[in-house]
Amino acid sequence: MKKIRVLFVCLGNICRSPMGEFIFKDMVKRCGYENLFEIASAGTSSEEAGNPVYPPARAELAKHGISCLGKYAVKYLPTDYNKYDYILAMEERHVRSVCRISPDTEKKVFRLRDFCKQPSDIADPWYTGDFKTAYAEIEEGCSDFLRWLKMKGVIE
């Protein structure tokens, strides 16, 4: 069976997108769906490439029993578009950046919170310092995305 490939995207791939990656990995594991998915994250910028997850983001994940050990920032590449089924950006500007790098011909680039009742960008906790809110918004987005996949019949 072909895995559902999901890529989370933010600017540097050290805060929000790795939080999305590891929250979603944890969520699908708890639901018994881990074998159905391939989940990763990347940044639209290369400025943080090779750096580990930002310590406050790592700490917020750890508060919820989630480890991101071994994750290092990578840049989103044009070839990623064909590799993934869903590309979930944290902000509208990341959607635009992804679409500049690789045009969204198959309509698979979304903001993560586009699946929520109140779609919105997720503020960058690097600037706001509010990793708790970022975590909550990302978790809600992941949960609603999973619900959407079930509703669409992508998973049972």
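Colleague: Which residue in β3 does Phe8 stand opposite?

Modeller: Bear in mind that this is a predicted model. Phe8 falls within strand β1, residues 4-10, which pairs with β3, residues 86-89, in the parallel sense over four bridges. Across from Phe8 in β3 stands Leu88.

Colleague: And which strands are left with one side lacking a neighbour in the sheet?

Modeller: Start from the layout: four strands make an open, parallel sheet in the order β2-β1-β3-β4. The twist from one strand to the next averages 25°. The two edge strands each have a single partner, so one side of each goes without a neighbour, and those strands are β2 and β4 (109-111).

Colleague: What angle does α4 make with β4?

Modeller: Helix α4 covers residues 92-101 and lies across β1, β3 and β4. Against β4, the helix runs at about 165°.

Colleague: Which strands does α6 touch?

Modeller: Helix α6 is the 131-151 stretch, and it packs on the sheet. Its direction makes about 155° with that of β3. The strands α6 touches are β1, β2 and β3.

Colleague: Let's move to the largest pocket. Which element gives the largest share of its lining?

Modeller: The pocket holds about 200 Å³ of space. Its lining includes Phe22, Lys25, Asp26, Phe37 and Ile39. Two elements give two or more residues to that lining, α1 (16-30) and β2 (37-43). The largest share, five residues, comes from α1.

Colleague: How many of the lining residues are charged?

Modeller: Among the residues in the lining are Lys3, Lys29 and Glu34, along with Val28 and Ser67. Sorted by type, the lining has five nonpolar and two polar residues, and the number of charged ones is five.

Colleague: Last one: how many residues apart are Asp124 and Arg16?

Modeller: Side chains of opposite charge can pair when their charged atoms come close. Here the side chains of Asp124 and Arg16 meet in a salt bridge at 3.3 Å, N to O, and the structure holds 14 salt bridges. Asp124 sits in the loop between β4 and α5 (125-128) and Arg16 in helix α1, so the pair links distant parts of the chain, with a separation of 108 residues.

Key. Residues are numbered from 1 along each chain as its sequence is written. This is a predicted model: local features need pLDDT of at least 70, side-chain atom pairs count only at pLDDT 80 or more; totals for chains, interfaces and linings use all residues. Side-chain values use heavy atoms; hydrogens and water are left out. On a 1 Å grid over the protein atoms alone, a cavity is a set of points where a 1.4 Å probe fits but cannot get out, and a pocket is an open set with protein on both sides within 12 Å along at least five of seven lines; lining residues have an atom within 4 Å of a point. Grid points are joined across faces, edges and corners, and a volume is the space filled by probe spheres set on the points. Ala, Val, Leu, Ile, Met, Phe, Trp, Tyr, Cys and Pro count as nonpolar, Asp, Glu, Lys and Arg as charged, and the others, Gly among them, as polar. Two strands pair if DSSP finds at least two bridges between them. Axes are lines fitted to C-alpha atoms, for helices over the stretch in contact, and angles run from 0 to 180 degrees between N-to-C directions. Contact means heavy atoms within 4.5 Å. A salt bridge is a side-chain nitrogen of Lys or Arg within 4 Å of a carboxyl oxygen of Asp or Glu.
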